[in-house]
Protein chains: 2
Amino acid sequence: MPKFISNNKVYYTPVEYVLSKVGGTYKMPLLWRLKDQGKRFSELKNSFERISDRMLSKSLKELVDDQFLAKKVFAEIPVRVEYHITEKGKRAIPIISSLRDYGFQLINEDGIQIEP
Amino acid sequence: MPKFISNNKVYYTPVEYVLSKVGGTYKMPLLWRLKDQGKRFSELKNSFERISDRMLSKSLKELVDDQFLAKKVFAEIPVRVEYHITEKGKRAIPIISSLRDYGFQLINEDGIQIEP
DNA sequence: CTGCATCCCAGACGATACTG
DNA sequence: CAGTATCGTCTGGGATGCAG
């Protein structure tokens, strides 16, 4: 097996590396919501049924730090902040798209109820 | 947003559901290793540089419970156990394949050293 | 050989309160 | 409006030891 080192952390598989970047509950759903146009913090917050400010803020910050997203701050009062997908982020979209499709397929196969 | 309920747990996105099934450090790499032929516990263990018996056992068990893998026990002494991918498991392979490709691409973009 | 039991830790995530 | 701070909980994962 190969072996990748980044930030003093060792990864043993490419899948492990990808998930360390865009895994977790919110990162891919966030990129997906931003794939076509920028959105502001509150828009993103309202697009999830439940997400704490903390997790939204933390997830966005990490995506910005890893260059999947860019942050634009407008010096208005009250401030307006917009998040946009970057070129790097766009390269993740096809993967997220197929993961989503597969997700719906799995949900179907597993006979899971979708609540209205 | 839709909303899925399975085992008294609520999922809000298809991605979240997929990752609950095949996410984590080992599940996709395990399915990948089993895509073409069955392997036994010890073979799988040796194919990872480091993995505890506990995590290998736990990951395999969950994949079997969720029908991505099937387990065959041979009543020999000492026992031999083989794991095979199922039809359901095979449907995950294309996704894992593209995630892997994307992983290598990301590792490249990020300029990460691959250790020999 | 296979794999469970136990103990432990770090990190993910939630809830609430507070600020520029 | 867009966060940060703090605290608490739960799970993923590692280490070790034992068992059929």
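Ala, Val, Leu, Ile, Met, Phe, Trp, Tyr, Cys and Pro count here as nonpolar, Asp, Glu, Lys and Arg as charged, and the others, Gly among them, as polar. With that in hand, the surface near DNA strand D divides into seven nonpolar, four polar and seven charged residues. Welcome to a predicted model in which chain A and chain B touch each other through 43 residues on each side, with 18 residues around DNA strand D and 18 around DNA strand C. Here is a tour, topic by topic.

**Where the two chains meet**

- Chain A and chain B bury about 4400 Å² between them, and carbon and sulfur atoms give 70% of that area.
- Val15(A), Glu49(A) and Tyr102(A) supply 13% of what chain A buries against chain B, more than any other three residues.
- Eight salt bridges are counted between chain A and chain B.
- One of the salt bridges to look for in your viewer joins the side chains of Arg91(A) and Glu109(B), at 2.6 Å from N to O.
- Six residue pairs, with both partners at pLDDT 80 or more, are in polar contact across the interface of chain A and chain B.
- On the side of chain A that touches chain B, two or more residues come from each of strand S1 (4-6), helix H1 (14-22), helix H2 (27-33) and helix H6 (93-109) of chain A.
- H6(A) makes the largest contribution to that side of chain A, with 11 residues.
- Sorted by class, the side of chain A that touches chain B holds 22 nonpolar, nine polar and 12 charged residues.

**A closer look at helix H1 of chain B**

- Helix H1 of chain B (residues 14-22) is largely enclosed by the rest of the structure, because eight of its nine residues are buried.
- The buried residues of H1(B) are Pro14(B), Val15(B), Glu16(B), Tyr17(B), Val18(B), Leu19(B), Lys21(B) and Val22(B).
- Follow the chain just past H1(B) and you reach Gly24(B), which takes a positive phi of about 85°.

**Around DNA strand D**

- The residues that come nearest to DNA strand D are Ser42(A), Ser57(A), Tyr83(A), Thr25(B) and Arg54(B).
- Of the atoms of DNA strand D that come within 4 Å of the protein, sugar and phosphate account for 66%.
- Three side chains of chain A are worth a click here: Ser57(A) has an N or O atom 2.5 Å from a phosphate oxygen of strand D, Ser42(A) places a polar atom 2.6 Å from a phosphate oxygen, and for Arg40(A) the distance is 3.0 Å.
- Both chains take part in the surface near DNA strand D: helix H3 (41-47), helix H4 (53-65) and strand S5 (80-85) of chain A, and helix H4 (53-65) of chain B, each supply at least two residues.

**Around DNA strand C**

- Closest to DNA strand C are Thr25(A), Arg54(A), Ser57(B), Lys71(B) and Tyr83(B).
- Sugar and phosphate make up 68% of the atoms of DNA strand C that come within 4 Å of the protein.
- From chain B, a polar side-chain atom of Ser57(B) lies 2.5 Å from a phosphate oxygen of strand C, while Lys71(B) has one at 2.6 Å and Tyr83(B) one at 2.7 Å.
- H4 of chain A, along with helix H3 (41-47), H4 and strand S5 (80-85) of chain B, each give at least two residues to the surface near DNA strand C.
- By class, the surface near DNA strand C has seven nonpolar, four polar and seven charged residues.

How values were computed
Residues are numbered from 1 along each chain as its sequence is written. Chains are lettered from A and ligands numbered from 1 in the order in which they are written. Side-chain values use heavy atoms; hydrogens and water are left out. Contact means heavy atoms within 4.5 Å. Buried area is the accessible area (1.4 Å probe) that two parts lose on being put together, summed over both. A salt bridge is a side-chain nitrogen of Lys or Arg within 4 Å of a carboxyl oxygen of Asp or Glu. A polar contact is a pair of N or O atoms within 3.5 Å; within protein, one must be able to donate a hydrogen and the other to accept it, and residues adjacent in sequence count only if both atoms are side-chain atoms. Helices (H or I, at least four residues) and strands (E, at least two) are DSSP runs, numbered from the N terminus. Buried means under 20% relative accessible area, exposed over 50%, partly exposed in between (1.4 Å probe, protein chains only). A residue is near a molecule or strand if one of its heavy atoms lies within 4 Å of it.
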